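Colleague: I'd like to learn how to read contacts, sheets and helix packing in a model like this one. Could you walk me through it?

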Amino acid sequence: MHYMGLNEIREKFLVFFESKDHLRLPSFSLIPQGDKSLLLINSGMAPLKPYFTGEQEPPRRRVTTCQKCIRTGDIDNVGKTARHGTFFEMLGNFSFGDYFKKEAIAWSWEFLTEVMELDPNRLYPSIYEDDDEAFEIWNKDIGIAPERIFRFGKGDNFWEHGSGPCGPCSEIYYDRGEKYGCGKPGCTVGCDCDRYMEVWNNVFSQFNNDGHGNYTELEQKNIDTGMGLERLAVVMQDVDSLFDVDTVKNITNHISKISGKSYGESYKTDVSLRVITDHIRSTVMMICDGVIPSNEGRGYVLRRLLRRAARHGKLLGIDKPFLYQVCDTVIQESGGAYPALLEKQEYIRKVIQVEEERFDATVDAGLAILNDMIAKAKQDGNNILPAEDAFKLHDTYGFPIDLTIEILEEQGMSTDRDGFDALIQEQKERSREDRKRMGDVGWASEDLGLDKSLKTEFCGYTTLEAESQVMALITEGESTDAVRAGSKVTVVLDKTPFYAEMGGQVPDHGTISHGDCEIAIDNVQKNGDGRIYLHSGVVKSGVISRGDTVTAKVDAERRQAICRSHTATHLLQEALREVLGSHVEQAGSYTDADHVRFDFTHFAAMTAEEIERVENIVNNVILEGMEVRTDEMPIEEAKKLGAMALFGEKYGDIVRVVRAGDYSIEFCGGTHLDNTAKAGMFKIVSEASVAAGVRRIEALTGKAFMQMFAERQKMLGAVAAALKTSPNELVQRADQMVEDMRNLNRNIDSLNSKIAGMELVELFNLSREVAGVNVISAKLNDTPEVMRSLGDMMKERYPKAVAVLATVTGESKVQLLCVAGSEAVKAGAHAGKIVKEVAKLCGGGGGGRPDSASAGGKKPEKLEEALEAVNNIVANMLEA
């Protein structure tokens, strides 16, 4: 055995199995495709499940992969030990009904002993206790002595997950030597210490479990091999843990450089360095595969990992965003194996930086509040933070519950997690009830018990009308033979020109007719596996029966309007990338008749100039009249042409590619124009944020643009008429009116000042001297603004005066102002305290500085009484 880098090990494994006639597939996205049982891909076989179950035909019977995986079940232990991590790469070789135990065992031994050059005497296989077939292969074919083959029970060496395919396992352990052992006399294969490390696991999928413990032999037997890449690298590099492996260690070194803290310095420092190292690996890979930070689902997992890493950065003394810098090292180490990391580097950095900055904005406030809560709980002799406090931190301040729990544990405390979860559930129930009150706006696309052999052929790319046969009818959730006029119905046809809603494009509308029967179709969906088109509508006349030959006709005008929007959406995405940068990716879209809604990844509001540039680019491409072509081709050929694919979307071997001249090229299954000129004009009507790092553009095309243009012209004409000018001179007229208004306001301010000056003299003449201070109290009929102006003038002109002025607003509320001149303040007057006492008498409150303060009251009928008390309030204050 000799030292071998992680990247070299990965390549040697894949090349080895290619030499055994395996098809090398790239790592699948971490976002599961068509598998709702998983939040994130967590094993090498997870994305291959449809091949194992027979739902899909594999591209070849032998496949090899290196799959990116994330598991967060042990997230609380990550960092605390050197064993745990959330991200790992799983090497795998798979057989779908091809080879079985004999070849799988032989090739695993060959790779480890001949390619990795591991000492055969330090390798120990284990088998399921009843798997004599595997024992014979290891003993007779490979030549392993019986005493070196370990039999383990079902808990260790039998893979199953509920009902379905399952089978025994055969693992291979490597003896790393006594220095990694526990030192106990009975230490051997299966011990929990680090001496005997499992490096290979062959799963022999040969049985079917009916869910009740009954097993039958599978006709098609499969091989599922899993081997952790980092784990094998630990062996090949003879290091203590995955954090000492070359590529992982380089990430830790970058963090150490930023923090000034070294790995091995102390347990506390090591915990933080391990947490950050592991979590930044996971987050970089997740973002690259299209996950965006959010408060639910996989987006929440990403946010939690990022924020946990950011907090441990603070524990290391890093007081500014830094993770986005560390991600460069992750990409540098793994970019060769995963080229998408290099392509999306700028985007990944930006997502991480924005999330760090968002966390910084909330974490300090949240930490301060949590620390106060902890101090209060400890003061009360309580080691459990109330669920209400944890919920308030989460709901009001955006402070993650996981972070709250982690900090509490450091303080020797906990929280009422069950109570917290109950409060979260109550909040969800309230939201659900709110949605119910708003009405159910969804439309369920269900199989509705239809015959699984049914299939609808789509012909709508080339025609808008087709003769079809009715294969099934559903009304009120049940299959039926006939439906009469006035009833809602779902129709299944053998062939349809109707486009079903998908890819952000709305469904076609139109009619299905037969003799005197006509159905108005207003919704088309696919069933769960996409085989059947479900046409939903109302029978307007006649009777529709199963087996009828009908005419399915799409509303051509509406389809053309949708095509205008969809083609414009492609042009918009390319224009956004041209203006804003290559980090722009589609994050969602909604394509309706002449209306575009497009969500995209970007981290700042677009400027008016950027919006104008994007708009102009799209309109120029439209005006150039570029041909729009749609072609089907092998996916590799499409990629070579530079066709853009959607984040996380799963594509087959043959893909549909839409090209607008030489300007735009994308994978797309939607309907399009045949020339950009037919889009008419394109107008962006809004640009806003919909989530962290995601912006949304709303735009119009075709007739919707014409309607908006006409409405705005009409509005301009109305405004011009109201201002007694023409639309062409509207700007000059508006500028003149604004200037006239400024002059009028200046004149009004001047007059108010003169009036206030006269009122001021009158008010002072009504003052009474109290302990050498002139005291004034008066109700004014002026506005609050004039009252404040009077107060300022009073304070400036009469330094020995104290004035309490009042006015009653249109809402019958009292507004009070008290001012005290500089000499009056020296004598002991305090405007804030005076106005507070006066406000109490008319049902209010307030306060402020010694020289100026304001207050309000709710009882205007008590105002006169309150003003009469001013002299006594001031006298008592000055005499005190």
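Modeller: Let's begin with contact: two residues touch when they have heavy atoms within 4.5 Å of each other. Keep in mind that this is a predicted model.

Colleague: Fine. Which residues does Gly226 touch, leaving out those up to four places away in sequence?

Modeller: Gly226 touches Met90, Leu91, Trp200 and Asn201. Gly226 itself sits in strand 9, which covers residues 215-228.

Colleague: And how far is Gly226 from Leu723, in sequence and in space?

Modeller: The two are 497 residues apart along the chain, and their C-alpha atoms are 77 Å apart.

Colleague: Now sheets. What holds the strands together?

Modeller: Strands of a sheet pair through backbone hydrogen bonds, and the pairing is either parallel or antiparallel. Here, one open sheet has four strands in the order 23-24-29-28, with antiparallel pairing. Strand 23 (586-592) and strand 28 (682-691) are its edges; each has a single partner strand, so one side of each is left without a neighbour in the sheet. On average, neighbouring strands of this sheet are turned by 15° against each other, direction ignored.

Colleague: How many bridges link strand 24 and strand 29?

Modeller: Seven bridges, in the antiparallel sense, between strand 24 (residues 595-601) and strand 29 (residues 694-701). To see the register, find Thr601: Val694 in strand 29 stands opposite.

Colleague: Which strands does helix 19 lie across?

Modeller: Strand 28 and strand 29. Helix 19 spans residues 702-722 and runs at about 85° to strand 29.

Colleague: Is there a sheet with another kind of pairing to look at?

Modeller: Yes, try the open sheet of six strands, ordered 30-31-32-33-35-34, where the pairing is mixed. Its edge strands are strand 30 (768-770) and strand 34 (845-848), each pairing on one side only. The twist averages 20° from one strand to the next.

Colleague: In what sense do strand 33 and strand 35 pair?

Modeller: Antiparallel, over six bridges, with strand 33 at residues 814-820 and strand 35 at residues 852-857. Look for Leu817, whose bridge partner in strand 35 is Ser854. Helix 21 (residues 784-797) lies across strand 33 and strand 35 too, as well as strand 31 (773-779) and strand 32 (801-808). The angle of helix 21 to strand 33 is about 15°.

Colleague: On to helix pairs. Why would you call helix 16 and helix 17 oblique to each other?

Modeller: You go by the angle between the axes: 65 to 115 degrees counts as roughly perpendicular, under 35 as roughly parallel, over 145 as roughly antiparallel, and the rest as oblique. The axes of helix 16 (residues 556-580) and helix 17 (residues 608-623) cross at roughly 135° and come within 9 Å. The two helices are therefore oblique to each other, and their crossing is right-handed. Helix 16 brings residues including Leu571, Leu572, Ala575 and Leu576 to the contact, and helix 17 brings residues including Val614, Ile617 and Val618. By class, that contact has 11 nonpolar, no polar and three charged residues.

Colleague: What angle do helix 8 and helix 10 make?

Modeller: About 75°, with their axes 9 Å apart. Helix 8 and helix 10 are therefore roughly perpendicular to each other. Ile276, Ile280, Arg281, Val284 and Met285 in helix 8 meet Leu323, Val326, Cys327, Val330, Ile331 and Ser334 in helix 10. The classes are nine nonpolar, one polar and one charged.

Colleague: Is the crossing of helix 8 and helix 9 left-handed or right-handed?

Modeller: Left-handed. Helix 8 and helix 9 pack at an angle of about 145°, with their axes 9 Å apart. Among the residues that meet are Val275, Ile276 and His279 of helix 8, and Leu302, Leu305 and His312 of helix 9. The residues of this contact divide into 11 nonpolar, six polar and two charged.

Colleague: Last topic: salt bridges. How many does the structure hold?

Modeller: It holds 48. One of interest here joins Lys68 and Asp289, with the closest N and O atoms 3.0 Å apart. Lys68 is in strand 2 (residues 62-70) and Asp289 is in the loop between helix 8 (267-288) and helix 9 (297-315), so the pair ties together parts that are 221 residues apart in sequence.

Methods: Residues numbered from 1 in each chain as written. Predicted model: local features only at pLDDT ≥ 70, side-chain atom pairs only at ≥ 80, totals over all residues. Heavy atoms only, no water. Pairing = 2+ DSSP bridges. Axes fitted to C-alpha atoms, helices over the stretch in contact; angles between N-to-C directions. Left-handed = near helix turned anticlockwise from the far one by under 90°. Nonpolar A, V, L, I, M, F, W, Y, C, P; charged D, E, K, R; others polar. Salt bridge = Lys/Arg side-chain N within 4 Å of Asp/Glu carboxyl O.
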